[in-house]
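Biologist: Hello! I am new to this structure and would like a friendly tour, please.

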Amino acid sequence: MTDYLPLLAGLIALLAGLTIGKAWERYKLRDGKWIDRRRARESPHYILGLNFVVANQIDLAIEELSKAADALVNLQKLHEDQHQWSEAYDTRQRLSKLADHDERPQNQAILAFLENEIGLEAMRRKDYAEAIRRFQAAIDLDARAVPAYLNLGDVRVADGNDKDAAAIWEKLVEVAPDRAYLAFDRLEALALRTGSPERFTRLCRRLIDDNPQDWRARLALSRHLAASGRPHDALDLLFAALVQNPHALGIHQAIWRALGQLRHEPSLVDRYSELTRHAVFYLDPHVCLRCRYRSTELLWQCPHCHDWNTFVEERIAPAQDTTEVEV
Ligand SMILES: [Zn+2]
């Protein structure tokens, strides 16, 4: 697993040698003074030849460097498979030093996921101080490291620090509103526990205002309202959510629960029925199992990944029925 080390060392020596060699060729000590030989003797052949050699060696160097990078990627995957997160982290860090500048955000994001795993290990052995350090480091590496926010808040709650937990999860909602729903259950429980449920309803309303298509915030808020004895308000939100995502089983279940609370008030049942009649449930029921490309009709070759016979019809299956194809 350290095969690439001599290779890298050799490569660095090679590059350093070339640079020093080139400098040595160019500057010579004459009469106790360094002089530039290129200025003294400008032979076009010499310069061309030197550039040719250097160019060739750099091609070789790049080829060898990418071989080293591939070895490191494989090594990282190997460590990840074994859950050796620290080793995987070190490997990715070495890799990021070889990478181009524009690959930096992606490397930082991967490093953040690995930091998060190291933090989870610390959490499992109840080393909360180390866990906090790791989750925080993950967030510092990548401000959108969603699981690190969730876990950091969990450690704070375990530590009895509800206030910090709330601030951390609210920060997650702010930096990654598209993933905010992952923190909804935590934020709602915390708001109820600390006696300020309006903190949760305000957050949901703000998300809906910012993004009218946010059906998850509507669903979360509706559940909260239904539980607080406001099934009519809950249904209004759920019907609006249904327009945004007629496929979501969770919305339909919440609607039936709220309708049940209202003893199936006929006007509301009619409204639900009307909405579902117009919703195009099976607009794109076929999905490619290989690349998840969606199509309204069954295709024999996927236009996206070009694989054959990879489409299945998507069905809304009961959660406990595990024999259904999961798509
Ligand atoms: Zn495909």
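Biologist: Which residues are buried in α6?

Modeller: First, a word on the ground rules: this is a predicted model, where local features need pLDDT of at least 70, side-chain atom pairs count only at pLDDT 80 or more, and totals for chains, interfaces and linings use all residues. Residues are numbered from 1 along each chain as its sequence is written. A residue is buried if 20 or more other C-beta atoms lie within 10 Å of its own, exposed if 12 or fewer, and partly exposed in between, with C-beta atoms placed from the backbone. In α6 the buried residues are Ala131, Arg134, Phe135, Ala138, Ile139 and Leu141.

Biologist: Within what arc do the buried residues of α6 fall?

Modeller: The arc is taken from the directions from the helix axis to the C-beta atoms. The buried residues of α6 line one face of the helix, because seen down its axis they fall within an arc of 165 degrees.

Biologist: What do the buried residues of α6 pack against?

Modeller: Helices here are DSSP runs (H or I, at least four residues), as are strands (E, at least two), numbered from the N terminus. Contact means that the C-beta atoms of two residues, placed from the backbone, lie within 7 Å. On that basis, the partners of the buried α6 residues are α5 and α7 (146-158).

Biologist: Is Ile118 buried or exposed?

Modeller: Ile118 sits in helix α5 (residues 104-124). Leaving out residues up to four places away in sequence, Ile118 touches Trp85, Ser86, Tyr89 and Arg134. Because 20 other C-beta atoms lie within 10 Å of Ile118, the verdict is buried.

Biologist: How many residues of α11 are buried?

Modeller: Helix α11 covers residues 215-227. Among its buried residues are Trp215, Leu219 and Leu225, and the buried residues pack against α9 (184-193), α10 (198-210), α12 (231-244) and α13 (249-261). The helix is mostly covered, and the count of buried residues is 12 of its 13.

Biologist: Why is Val243 partly exposed?

Modeller: Val243 belongs to helix α12. In sequence, Val243 is 28 residues from Trp215, while in space the two are 8.6 Å apart, C-alpha to C-alpha. Val243 is partly exposed because the number of other C-beta atoms within 10 Å is 14.

Biologist: Which residues touch the most other members of the largest nonpolar core?

Modeller: A nonpolar core is a set of buried Ala, Val, Leu, Ile, Met, Phe, Trp, Tyr and Cys residues joined through C-beta atoms within 7 Å. The largest one has 56 residues, with at least three drawn from each of domain 1 (27-99) and domain 2 (101-195); these bounds come from an automatic or database domain assignment. The members that touch the most others are Tyr149, Trp169 and Leu238.

Biologist: Which residues is Leu238 in contact with, leaving aside its neighbours within four places in sequence?

Modeller: Leu238 is one of the core members just named. Its contacts are Arg218, Ser222, Ile251, Ala254, Ile255 and Ala258.

Biologist: What is the mean pLDDT of the protein?

Modeller: pLDDT is the predictor's confidence in each residue, from 0 to 100. It is below 50 over residues 10-30 and over residues 34-43. Where pLDDT is low, the predicted coordinates should not be read in detail. In the protein, 75% of residues reach 70 or more, and the mean pLDDT is 80.

Terms used
Expected span 1.5 Å × (residues − 1).
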